[in-house]
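Student: I would like a close look at a single part of this model. Please start from the whole and then work inward.

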Amino acid sequence: QRRVHGDRFFAYLLLFHLWAAHLVNMNDEEAQKQIHQMVNFILEEAKEKANEIEAKTLQEFNIEKLKMVQHAKDKLKAEYQRKTKQVEVERRIARSTMINKARLQKMEAREQAMQQTLTEARLRIASRVSADQAAYKALVKDLLVQGLLKLLENKITVQCRQQDASVVRDIIPEAKAKFSKIIFDETGVKFETELTIDTAWLPAGPTAGSAGASCLGGVLLKAHNNKITLNNTLDARLNLCYDEQKPEIRSMMFPLLK
C-alpha cells in the first residue's frame, strides 16, 4: 500500500512538471483556467484520499471493536462457566456433606440402640444372678476352672466382687480338685495350684439408672505379681459374645439394612 501511494506521488509530481512546462506557453486566461482545473483535480484527489482514509479507519475501528466485543464475550462466558462449575461443585459438596451427616446420625442412632440393648442384657443377667444363687455358684466354679486351665500357674490370685467372696471361698476346693483331675486325665501329671482371694474387690453389680463402674460377677485371675491376667468375669464374656454376634444382632434389630 505504501508503494501505491509512492507511485501516485511521483505521478502527480510528473504531471505537475508537465503542466508547469505547458503553462508557460499559455496566455493568462488559459493559464488561469488550467490552474483552476488542476486545483479542482487536486482537491478531488484529496477528497477521494480522505474518504479512503476515513473508510479504512472506520473499517479498522469496526474490526477492533468486534475483537474487543468478542473478547469481552469470551471473558464473560468463561467467567460464567467457571462460576457455574463452582456452584455445581459446592452443591455436590453440600449434598455429600448432608448425606454423610445423615449416614453418621443413623449409625450413631443404631449404635445407641444396640448399646441400650447391651445395657438391658446386663441388667437381666444381674437379675438372674441374684435370683438363682445356686446356678450362679456353679457358673463361677466353671469360670474359675476354665481360667486355671488357661493359665496353668502354681500360684494364682482370684479377684471377685465383695458380695461373691463367700461363694468363691466355697468353690475354691472344688475348682482346684476339678482342675487337677482334668490335668491328670489329659496328661497323667499331678498338678496343683495355690489360690488366694484378692481383697481389692471388683465393683458391685449394676443397677438401673447407675452410670458408675459395675461388675456382673465371675472372676479375674492374676499371676506373677499381676503381670499375667485373665478376665473371666461375666462382663468380659458378655462383651465377647456381643462383639462376635454384633452383625447378627444388628440384622435382627435393623432388618431393612440387609
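Among contacts in the protein between residues at least 6 apart in sequence, what percentage join residues at least 24 apart? After that, please concentrate on strand β3: which strands does β3 pair with, and how many of its residues are buried?

Tutor: The model is predicted. As to the contacts, 71% of those between residues at least 6 apart in sequence join residues at least 24 apart. The protein has six helices and four strands, and along the sequence these follow the pattern α-α-α-β-α-β-β-β-α-α. Buried residues account for 22% of the 258 residues. The accessible surface is about 19200 Å², and carbon and sulfur atoms contribute 58% of that area.

The setting of β3 is an open sheet of four strands, in the order β2-β1-β3-β4 and with mixed pairing. Its edges are β2 (194-202) and β4 (228-233), each of which pairs on one side only. On average, and with direction ignored, neighbouring strands of the sheet are turned by 25 degrees against each other.

Strand β3 spans residues 218-223. In the strand order β3 stands between β1 and β4. With β4, β3 pairs in the antiparallel sense over six bridges. Within that pairing, L221 is opposite L230 of β4, and A223 has I228 of β4 as its bridge partner. The pairing with β1 is also antiparallel, through three bridges. Here V158 has L221 of β3 as its bridge partner. L221 therefore has V158 as a bridge partner and stands opposite L230 in β4, while six of the six residues of β3 are buried.

That burial holds for both faces of the strand. G218, L220 and K222 point one way, V219, L221 and A223 point the other way, and all are buried. Because six of its six residues are buried, β3 is largely enclosed by the rest of the structure. The cut-off in use is a relative accessible area under 20%.

Two helices lie across β3. Helix α3 (residues 133-151) lies across β1 (155-161), β2, β3 and β4, and runs at about 25 degrees to β3. Helix α4 (residues 165-187) lies across β1, β2 and β3, and runs at about 160 degrees to β2.

Helix α4 is also part of the connection on the β1 side of the sheet. Strands β1 and β2 run parallel and are joined by six bridges, with V158 opposite I197 in β2. The chain passes from β1 through α4 to β2, in a β-α-β crossover that is right-handed. V158 thus stands opposite I197 in β2 and has L221 as its bridge partner in β3. One residue of α4 is K181, which counts as exposed because its relative accessibility is 53%. The C-alpha atoms of K181 and F191 are 8.6 Å apart, with the two residues ten apart in sequence.

Beyond the end of β3 the chain turns into β4. The hairpin of β3 and β4 has four residues between the strands, and in this hairpin H224 takes a positive phi near 50 degrees. H224 is a residue other than glycine and belongs to the loop between the two strands. It is partly exposed, with a relative accessible area of 45%. N225, in the loop between β3 and β4 as well, has a positive phi near 55 degrees and is likewise not glycine. At 75% relative accessibility, N225 counts as exposed.

After β4 (228-233) comes helix α5 (residues 234-244), in which L234, D235, L238 and Y242 are buried. Since these residues cover an arc of only 100 degrees around the axis, they are on the same side of α5. D243 and E244, on the other side of α5, are exposed.

Two of the buried residues of α5, D235 and L238, are contacts of R122, along with P206, S214 and L216, when neighbours of R122 within four places in sequence are left aside. R122 is in helix α2 (residues 28-131). With 18% relative accessibility, R122 counts as buried.

To return to the part you asked about: β3 pairs antiparallel with β4 over six bridges and antiparallel with β1 over three. Six of its six residues are buried, and the loop between β3 and β4 holds the exposed residue N225.

Methods
Residues numbered from 1 in each chain as written. Predicted model: local features only at pLDDT ≥ 70, side-chain atom pairs only at ≥ 80, totals over all residues. Heavy atoms only, no water. Pairing = 2+ DSSP bridges. Axes fitted to C-alpha atoms, helices over the stretch in contact; angles between N-to-C directions. Contact = heavy atoms within 4.5 Å. Right-handed = clockwise from strand over helix to strand, strands pointing away. Buried < 20%, exposed > 50% of the residue type's maximum accessible area, 1.4 Å probe, protein only. Arc of directions from axis to C-beta. Areas by Shrake-Rupley, 256 points an atom, 1.4 Å probe, with all protein chains shown as cover.
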